[in-house]
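Hello,

Here is the structure you are taking over. Please have it open while you read the notes under it.

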Amino acid sequence: DSDALLAGNPNYVVFNGRVESTPRIKATVGDKIRIYVGNGGVNLISSFHVIGAIFDKVYPEAAIGEGSPILKNVQTTEVLPGGASIVEFTVSVPGKFILVDHALARMNKGAWAILEVSGPANSSIFSSVDVTKEKEKPMNP
């Protein structure tokens with residue numbers, strides 16, 4: 001819709017050209033993940049983030065050449081229109097990690113994907129809580 005495009009309110013904002021339906025990216029605990037994020041959009045800046053992960057390294061503007069800056073321990077990185085970024089992180093626990101544009105209203109337009117990680121749990125990093133059992137425990141005065 002060219003009118004929506006010109007108004008800066010596109011109908012869809014998607015990863016890999018389509019709205020997510022099932023996990024398409026799979027990994028195993030211990031894998032080092034490298035994601036190349038390109039922003040083919042015309043005028044929206046993407047704030048790329050993986051919920052539940054910290055990027056070990058970010059290569060702003062996808063600059064991986066000698067002397068290019070490398071950012072470390074980053075949660076969210078901006079990807080300019082027509083630009084790109086490369087992020088790296090290691091998955092330490094199993095689960096479904098949601099890749100998003102942190103302008104979260106865009107999720108309803110398709111700006112999300114799933115990284116599905118399989119492998120052994122690591123309770124020293126993360127363990128789930130059964131909220132039904134937590135509600136049954138008496139509160140300490």
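**Two sheets and two pockets**

To begin with one pair of strands: β4 (residues 55-60) and β7 (residues 84-90) run antiparallel and are joined by 4 bridges. Within that pair, P60 has S85 of β7 opposite it. Please keep in mind throughout that this is a predicted model.

**The chain as a whole**

The chain holds 2 helices and 9 strands. Their order along the sequence is α-β-β-β-β-β-β-β-β-β-α. The radius of gyration is 18 Å, well over the 14 Å that the globule rule gives for 141 residues, so the chain is more spread out than a compact globule. Along the principal axes, the C-alpha atoms fill a box of roughly 55 × 40 × 35 Å. As for burial, 30% of the 141 residues count as buried.

**The sheet of 4 strands**

The pair β4 and β7 belongs to an open sheet of 4 strands, in the order β2-β7-β4-β5, where the pairing is antiparallel. Its edge strands are β2 (32-38) and β5 (71-74), and each of them pairs on one side only. From one strand to the next, the twist averages 25 degrees. If the word "pairing" is new to you, strands of a sheet pair through backbone hydrogen bonds, and they can do this in a parallel or an antiparallel way.

**The sheet of 5 strands**

The other open sheet to look at has 5 strands, and their order is β1-β9-β8-β3-β6. The pairing in this sheet is mixed. Here the edge strands are β1 (25-28) and β6, each pairing on one side only. The twist in this sheet averages 25 degrees from one strand to the next.

Three of the pairings can be followed across the sheet. I start at the β6 edge.

- β3 runs antiparallel to β6 (residues 76-79), with 4 bridges between them. H49 has T76 in β6 as its bridge partner.
- β3 also pairs with β8 in the antiparallel sense, over 3 bridges. Here V50 stands opposite L99 in β8.
- β8 in turn pairs with β9 (residues 112-118), again in the antiparallel sense, over 6 bridges. The bridge partner of L99 in β9 is A113.

L99 is a useful residue to find on the screen: V50 stands opposite L99, and A113 in β9 is the bridge partner of L99.

**Strand β3 and residue S46**

Is β3 mostly buried or exposed? Of its 5 residues, 4 are buried, so the strand is largely enclosed by the rest of the structure.

S46 is found in this strand, β3. Is S46 buried or exposed? Its relative accessible area is 9%, and a residue counts as buried under 20%, so S46 is buried. You can also compare two kinds of distance with S46: S68 is 22 residues away from S46 in sequence, and the two are 21 Å apart in space, C-alpha to C-alpha.

**The largest pocket**

Pockets are found with a probe: rolling one the size of a water molecule over the atoms shows where empty space is left.

The largest pocket holds about 540 Å³ of space. It is lined by 25 residues, and those closest to its centre are V14, F15, N16, G38 and N39. Which elements give two or more residues to this lining? They are β2, β3 (46-50) and β8 (95-101). The largest share, 4 residues, comes from β2. Sorted by class, the lining has 15 nonpolar, 7 polar and 3 charged residues.

**The second largest pocket**

The second largest pocket has a volume of about 250 Å³. Its lining is made up of 16 residues, of which G52, A53, S92, V93 and F97 are the closest to the centre. At least two lining residues come from each of β7 and β8. Which element supplies the largest share? That is β8, with 3 residues. By class, this lining has 10 nonpolar, 4 polar and 2 charged residues.

**Where to look next on the screen**

One strand to keep in view is β8. In the sheet of 5 strands, β8 pairs with β3 and with β9. β8 also gives two or more residues to the lining of the largest pocket, and the largest share of the lining of the second largest pocket comes from β8.

Regards

Key:
Residues are numbered from 1 along each chain as its sequence is written. This is a predicted model: local features need pLDDT of at least 70, side-chain atom pairs count only at pLDDT 80 or more; totals for chains, interfaces and linings use all residues. Side-chain values use heavy atoms; hydrogens and water are left out. Two strands pair if DSSP finds at least two bridges between them. Axes are lines fitted to C-alpha atoms, for helices over the stretch in contact, and angles run from 0 to 180 degrees between N-to-C directions. On a 1 Å grid over the protein atoms alone, a cavity is a set of points where a 1.4 Å probe fits but cannot get out, and a pocket is an open set with protein on both sides within 12 Å along at least five of seven lines; lining residues have an atom within 4 Å of a point. Grid points are joined across faces, edges and corners, and a volume is the space filled by probe spheres set on the points. Ala, Val, Leu, Ile, Met, Phe, Trp, Tyr, Cys and Pro count as nonpolar, Asp, Glu, Lys and Arg as charged, and the others, Gly among them, as polar. Buried means under 20% relative accessible area, exposed over 50%, partly exposed in between (1.4 Å probe, protein chains only). The radius of gyration is taken over C-alpha atoms; the globule rule is 2.2 Å times the number of residues to the power 0.38.
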